[in-house]
Amino acid sequence: MLPLDLPALRASLVNASRKEASDLTPPDLDGLDWDRLDLLGWRDPRQPRRAYAVVPFPGDGDVGVEGSGDGGVGVVRGVLLRQADAVPRRRAQCAWCQDVMLPNDVVFYSARLAGPAGRRGATVGTLLCRDFECSHNVRVLPPLAYQGFDRDAARAERVRVLRERSRSFVETVLSGATDG
Ligand SMILES: [Zn+2]
């Protein structure tokens, strides 16, 4: 994804109040390898249990190509997340990267829906890698499942699925904006 600055992160949040957006503490933005991120997820270093996931939505043009016009770069949309008290069963799987090697903890996150539905208290929850290791996980070359197995194609497919699933979650949060 393309690099973002703090104002862009704050402006991206679709389900946060103005106060919540201004309270956001970013990760070390200069230290990130943006080329290897499908989304930017992090836990707020100053607010326990609070986290964010900012997801690119490419436009209709050349996907993600910088300078290709309005349609190419697209927009980013972010969601404010809260880690739930519930503890997932052992060997839980992240809904976004679906990693089966379990290199990291998976926890329950919930997001308030955007708009009127969210103000009425509606939330949506999902199991995610605790520190949003998803982009890294899907780039690990999978084992050779059988002779002739195309590992690069399998990896590319996992990247595609991660992007699709994270966008779909943000769209679910956004659906609250049009409900009632
Ligand atoms: Zn994950």
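**Exercise 1. Is Val14 buried, partly exposed or exposed, and what is its relative accessibility?**

*Solution.* The structure is a predicted model, and the values used here are computed from it. Begin by placing the residue: Val14 sits in the loop between α1 (6–12) and α2 (18–22). Next, take its relative accessibility, which is 21%, and compare it with the cut-offs, under 20% for buried and over 50% for exposed. Val14 therefore counts as partly exposed. As a further step, look for its contacts beyond four places in sequence, which are Arg77, Gly78, Val79, Ala114, Val173 and Leu174. Finally, set sequence against space for one pair: Val14 and Thr123 are separated by 109 residues in sequence, while their C-alpha atoms are 13 Å apart.

**Exercise 2. Work out which residues coordinate the zinc ion, and with what geometry.**

*Solution.* First identify the donor atoms, which are the SG atoms of Cys94, Cys97, Cys129 and Cys134, at 2.3 to 2.4 Å from the zinc ion. Then examine the angles among these four donor atoms, which run from 102 to 121 degrees. Because four donors count as tetrahedral when all angles lie between 85 and 135 degrees, the site is tetrahedral. Reading along the sequence, the donor residues follow the spacing C-x2-C-x31-C-x4-C. Cys97 belongs to the loop between β3 (75–83) and β4 (106–112), whereas Cys134 belongs to helix α5 (residues 134–139), so this pair ties together parts that are 37 residues apart in sequence. As a last step, check the accessibility of these two ligands: Cys97 is buried at 4%, and Cys134 is buried at 1%.

**Exercise 3. Describe how strand β1 is arranged and how it pairs with β2.**

*Solution.* Start with the side chains of β1 (residues 40–43), where Leu40 and Trp42 point one way, Gly41 and Arg43 point the other way, and all are buried. This arrangement follows a general rule, since in a regular strand the side chains alternate between the two faces of the sheet. Then turn to the pairing, in which β1 and β2 (residues 50–57) run antiparallel and are joined by four bridges; one of the bridge partners to locate is Ala51 in β2, which is matched with Arg43. The hairpin has six residues between the strands, and Arg49 in this hairpin takes a positive phi near 75 degrees.

**Exercise 4. Find two further residues, other than glycine, with a positive phi, and state where each lies.**

*Solution.* One is Gln98, with a phi of about 50 degrees, in the loop between β3 and β4; at 32% relative accessibility, Gln98 is partly exposed. Another is Phe132, with a phi near 55 degrees, in the loop between β5 and α5; at 8% relative accessibility, Phe132 is buried.

**Exercise 5. Characterise helix α6 by its span, its N-terminal end and its buried residues.**

*Solution.* Helix α6 (residues 151–174) contains 24 residues, and its first and last C-alpha atoms are 35 Å apart, close to the 34 Å expected at 1.5 Å a residue. At the N-terminal end, Asp150 acts as a cap, with a side-chain oxygen 3.3 Å from the backbone nitrogen of Asp152. The buried residues of α6 include Val159, Leu162, Ser166, Phe169, Val170 and Val173. To interpret such a list, recall that an α-helix has 3.6 residues a turn, so residues three or four places apart point the same way. Among the elements covering the buried residues of α6 are β2, β3, β4, β5 (123–129) and α5.

Notes:
Residues are numbered from 1 along each chain as its sequence is written. This is a predicted model: local features need pLDDT of at least 70, side-chain atom pairs count only at pLDDT 80 or more; totals for chains, interfaces and linings use all residues. Side-chain values use heavy atoms; hydrogens and water are left out. Donors are N, O and S atoms within 2.8 Å of the metal (3.2 Å for Na, K and Ca); water is not among the atoms, so sites may look incomplete. Four donors count as tetrahedral if all angles lie between 85 and 135 degrees; four count as square planar and six as octahedral if opposite donors are over 155 degrees apart and all others between 65 and 115; anything else is irregular. Helices (H or I, at least four residues) and strands (E, at least two) are DSSP runs, numbered from the N terminus. Buried means under 20% relative accessible area, exposed over 50%, partly exposed in between (1.4 Å probe, protein chains only). Two strands pair if DSSP finds at least two bridges between them. The expected span of a helix is 1.5 Å times one less than its number of residues. Contact means heavy atoms within 4.5 Å. A polar contact is a pair of N or O atoms within 3.5 Å; within protein, one must be able to donate a hydrogen and the other to accept it, and residues adjacent in sequence count only if both atoms are side-chain atoms.
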